[in-house]
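Student: I am new to this structure and would like a close look at a single part of it, with enough of the surroundings to make sense of what I see.

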Amino acid sequence: MPKVLNTFETECSMDYTVVSYAVYLPFAIGVTVWVGRTLSRNGRLFLNAVFPGDDKLADAVNHLLVVGFYLLNLGFVVLWMKTDHEVGSVQGSSTHSRSSSAPSCW
């Protein structure tokens, strides 16, 4: 009788680095977008007071500040994800969990 390969009882080798990125990246992007929208909404009122009578200039400056915020924070997130070691377990994903609040603290 030929030997049958049983694929259901094999040892699963999961790459925890990919799993930790899959959890960390949507969380970090979501927090960054939420904070950016909040700053944009509240910053618009401030910039209208700084540039009285020139709403277009206030909106343009507000848009530039929001784009800069997104570029800085998402760039920081991508650089923070860069690691030289492989995450070997779920406990090893603390590399990303401790950095999840860093971009929003600026």
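How many helices and strands does the protein have? Once that is settled, please take me closely through helix H2 (residues 55–81).

Tutor: The model is a predicted one, and in it the protein has three helices and zero strands, so that reading along the sequence gives the pattern α-α-α. Buried residues make up 21% of the 106 residues, and the protein exposes about 8100 Å², of which carbon and sulfur atoms supply 66%. Among the contacts between residues at least 6 apart in sequence, 71% join residues at least 24 apart.

Before turning to the helix itself, it helps to ask about confidence. The mean pLDDT of the protein is 76, and 64% of its residues reach 70 or more. Among the elements, H2 has the highest mean pLDDT, at 90, while helix H3 (residues 94–97) has the lowest, at 48. Over residues 92–98 the pLDDT is below 50, and this stretch has 10 contacts in the model beyond near neighbours in sequence. Where pLDDT is low, the predicted coordinates should not be read in detail.

Now to the helix you asked about. H2 holds 27 residues, which at 1.5 Å a residue should span 39 Å, and the C-alpha atoms at its ends are 39 Å apart, in agreement with that expectation. Its buried residues are Ala58, Asn62, Val66, Phe69, Asn73, Val77 and Met81. As you look at their numbers, it is useful to remember that an α-helix has 3.6 residues a turn, so residues three or four places apart point the same way.

Two other residues of the helix can be set beside that buried list. Asp59 lies in H2 and is partly exposed, with a relative accessible area of 29%. Val61 also has its place in H2, and Val61 is partly exposed at 23%, a value that falls outside the buried class because buried means under 20%.

The aromatic residues deserve a separate look. A pair of aromatic rings is described by the distance of the centres and the angle of the planes. A search of the whole structure finds two such pairs. In one of them, the rings of Phe69 and Tyr70 have centres 6.0 Å apart and planes at 55°, so this pair is tilted. Phe69 has a relative accessibility of 16% and therefore counts as buried, whereas Tyr70, at 22%, is partly exposed. In the other, the ring centres of Phe76 and Trp80 are 5.3 Å apart and the planes meet at 35°, so that pair is tilted as well. Phe76 and Trp80 are four residues apart in H2, which means that about one helical turn separates them. Trp80 itself is partly exposed, with a relative accessible area of 32%.

To see what H2 faces, we should bring in helix H1 (residues 16–50), whose 35 residues should span 51 Å at 1.5 Å a residue; its end C-alpha atoms are 49 Å apart, which agrees. H1 bends by about 30° at Gly43, and Gly43 is one of the buried residues of H1, a list that also includes Tyr24, Val35, Gly36 and Leu47.

Several distances then relate H2 to residues earlier in the chain. Starting from Val61, and leaving aside its neighbours within four places in sequence, the contacts are with Leu47 and Phe51. The C-alpha atoms of Val61 and Phe51 are 9.9 Å apart, with their positions 10 residues apart in sequence. Asp59 and Gly43 are 16 residues apart along the chain, and their C-alpha atoms are separated by 9.5 Å, so to place this pair on the model you can look for the residue at which H1 bends.

Two further pairs continue the comparison. Leu39, in H1, is partly exposed at 47%; Leu39 and Asn62 are 23 residues apart in sequence and 9.1 Å apart from C-alpha to C-alpha. Arg37 is also placed in H1 and is exposed, with a relative accessible area of 57%. Arg37 and Val66 are 29 residues apart in sequence, yet 8.0 Å apart in space, C-alpha to C-alpha.

Taken together, the picture of H2 combines the highest mean pLDDT among the elements, a set of buried residues running from Ala58 to Met81, and contacts from Val61 to Leu47 and Phe51.

Notes:
Residues numbered from 1 in each chain as written. Predicted model: local features only at pLDDT ≥ 70, side-chain atom pairs only at ≥ 80, totals over all residues. Heavy atoms only, no water. Helix = DSSP H or I, 4+ residues; strand = E, 2+ residues; numbered from the N terminus. Buried < 20%, exposed > 50% of the residue type's maximum accessible area, 1.4 Å probe, protein only. Contact = heavy atoms within 4.5 Å. Areas by Shrake-Rupley, 256 points an atom, 1.4 Å probe, with all protein chains shown as cover. Phe/Tyr/Trp six-rings, centres within 6.5 Å; stacked < 30°, edge-to-face > 60°. Expected span 1.5 Å × (residues − 1). Bend = angle between axes of the 7 residues up to and from the residue. pLDDT = per-residue confidence, 0-100.
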